[in-house]
Amino acid sequence: MALHPLSDEEAQEIRTQLRALQEEHRDLDQVIVHLIENPPTDDLLPRRLKKRKLLLKDRILQLETLLVPDIPA
């Protein structure tokens, strides 16, 4: 919920950040799948990657919300 409408520049910056986060999210998903198929001796790395992936998902949703204009009910 933005306090003011986004400028074109602000919206473009958010879209750029969003693409980068989505790409990192997809990359982490691939790494996690690989680690599940080929488990390491220590499970700390997969847990850290899953946590990072969840944080990325939350941030992606926040940025997507910024791009959606407020519509009065």
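Here are a few notes on two helices of this model and how they meet.

1. Before anything else: this is a predicted model, with local features needing pLDDT of at least 70, side-chain atom pairs counting only at pLDDT 80 or more, and totals for chains, interfaces and linings using all residues. Residues are numbered from 1 along each chain as its sequence is written, and side-chain values use heavy atoms, with hydrogens and water left out.

2. Start with H1, residues 8-37 (helices are DSSP runs of H or I, at least four residues, numbered from the N terminus). H1 has 30 residues and spans 44 Å from first C-alpha to last, close to the 44 Å expected (the expected span is 1.5 Å times one less than the number of residues).

3. H2 covers residues 44-67, 24 residues in total, and its end-to-end C-alpha reach of 35 Å is close to the expected 34 Å.

4. Now for what is tucked away (buried means under 20% relative accessible area, exposed over 50%, partly exposed in between, with a 1.4 Å probe and protein chains only). In H1, the buried residues are Ala11, Ile14, Leu18, Leu21, Leu28, Ile32 and Leu35; their cover includes H2.

5. The reverse also holds: the cover over H2's buried residues includes H1. Those residues are Pro46, Leu49, Lys53, Leu56, Ile60 and Leu63, so do note the lysine in that list.

6. Have a look at Arg59, which sits in H2. Arg59 is partly exposed, at 34% relative accessible area. Setting aside neighbours within four places in sequence, Arg59 is in contact with Gln17 and Leu21 (contact means heavy atoms within 4.5 Å). Between Arg59 and Leu18 there are 8.4 Å C-alpha to C-alpha, at a sequence separation of 41 residues.

Notes:
Helix = DSSP H or I, 4+ residues; strand = E, 2+ residues; numbered from the N terminus.
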